[in-house]
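Hi,

Here is the structure I said I would pass on. Have a look at it first, and my notes on what turned up follow below.

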Amino acid sequence: MGNMQKSEKKFENNGVQGSVRLDKWLWAVRFYKTRSIAKTMIDGGKVHYNQQRVKPNKEVKIGDCIRLSQGNIQKEIIILGITEKRGPAPEAQKLYQETETSIAKREQIAEARKYGALSMPNPERRPTKKERRELIEFKSHQ
């Protein structure tokens with residue numbers, strides 16, 4: 001019974017303390033799959049807190065701005081809530097808000113990527129050995 005009381009206290013606290021580490025918060029709101037990935041991204045300069053490079057142990061505060069990279073996507077978000085407990089995605093999305101400029105920039109990049117893919121279509125299949133030889137010969141004569 002002693003163990004059950006400890007876990008109930010954990011639940012009552014809901015993981016919210018006055019402040020939470022940046023790497024833990026990024027993991028809890030589901031920007032990165034693991035805390036170690038979040039730490040690596042912070043150390044690598046992919047995450048900026050209030051326009052400054054910081055360490056993973058930086059404590060986050062409500063209203064502050066975070067700029068982060070997820071692959072080719074860059075986001076700028078404002079912290080609306082603090083938690084260190086990883087929960088369902090819909091609840092995690094309530095803890096931050098992406099800025100309007102960030103949304104517009106992401107949509108613009110996605111549209112450019114879409115048009116770029118249309119202008120350079122991929123072949124339906126790989127070239128045969130004969131076609132590869134012809135391509136190599138053609139390129140070498142130019």
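Val-20 has a relative accessibility of 2%, so it counts as buried; the cut-off for that is under 20%. You'll find Val-20 in strand β1, which covers residues 20-21. If you want a contact to look at from there, go to Asn-57: Val-20 and Asn-57 are 37 residues apart in sequence, yet their C-alpha atoms sit 8.4 Å apart in space. Do keep in mind while you browse that this is a predicted model.

For orientation, the chain has six helices and seven strands. Starting at the N terminus, the order is α-β-α-α-β-β-β-β-β-α-β-α-α. Of the 142 residues in the chain, 25% are buried.

Now the salt bridges. The count comes to six, and I'll go through some of them here. Arg-21 pairs with Asp-23, and the closest N and O atoms of that bridge are 3.0 Å apart. Asp-23 also forms a salt bridge with Arg-35, this time with the closest N and O atoms 3.5 Å apart. That second pair ties together distant parts of the chain, since Asp-23 belongs to helix α2 and Arg-35 to helix α3, 12 residues apart. Put together, Arg-21, Asp-23 and Arg-35 make up a network of salt bridges.

How buried or exposed are the members of that network? Asp-23 is at 2% relative accessibility, so it counts as buried. Arg-21 comes out at 33%, and therefore counts as partly exposed. Arg-35 is partly exposed too, with a relative accessible area of 33%.

Another salt bridge joins Lys-24 to Glu-84, where the closest N and O atoms are 3.8 Å apart. This pair also links distant parts of the chain: Lys-24 is in helix α2, while Glu-84 is in the loop between β6 (73-79) and α4 (89-92), 60 residues apart.

On to the aromatics. How many aromatic pairs does the structure hold? There is one. The two rings belong to Phe-31 and Tyr-96; their centres are 4.7 Å apart and their planes are at 45 degrees, so the pair is tilted. For reference, planes under 30 degrees apart would count as stacked and those over 60 as edge-to-face. The two partners come from distant parts of the chain, with Phe-31 in the loop between α2 (22-28) and α3 (35-43), Tyr-96 in strand β7 (residues 96-98), and 65 residues separating them. Both Phe-31 and Tyr-96 are buried.

Last, the surface. Arg-126, Lys-129, Arg-132 and Arg-133 form a positive surface patch. Among them, Arg-132 lies in helix α6, which spans residues 129-140. Is Arg-132 buried, partly exposed or exposed? Its relative accessibility is 37%, so Arg-132 counts as partly exposed.

If you only have a minute with the viewer, I'd start with the Arg-21, Asp-23 and Arg-35 network, then turn to the tilted pair of Phe-31 and Tyr-96, and finish on the positive patch that includes Arg-132.

Cheers

Definitions and conventions: Residues numbered from 1 in each chain as written. Predicted model: local features only at pLDDT ≥ 70, side-chain atom pairs only at ≥ 80, totals over all residues. Heavy atoms only, no water. Patch = residues over 30% accessible without salt bridge, like charges linked within 9 Å, V, L, I, M, F, W, Y side chains within 5 Å. Areas by Shrake-Rupley, 256 points an atom, 1.4 Å probe, with all protein chains shown as cover. Salt bridge = Lys/Arg side-chain N within 4 Å of Asp/Glu carboxyl O. Lys, Arg positive; Asp, Glu negative; His and termini not counted. Charge placed at Lys NZ, Arg CZ, Asp CG, Glu CD. Helix = DSSP H or I, 4+ residues; strand = E, 2+ residues; numbered from the N terminus. Buried < 20%, exposed > 50% of the residue type's maximum accessible area, 1.4 Å probe, protein only. Phe/Tyr/Trp six-rings, centres within 6.5 Å; stacked < 30°, edge-to-face > 60°.
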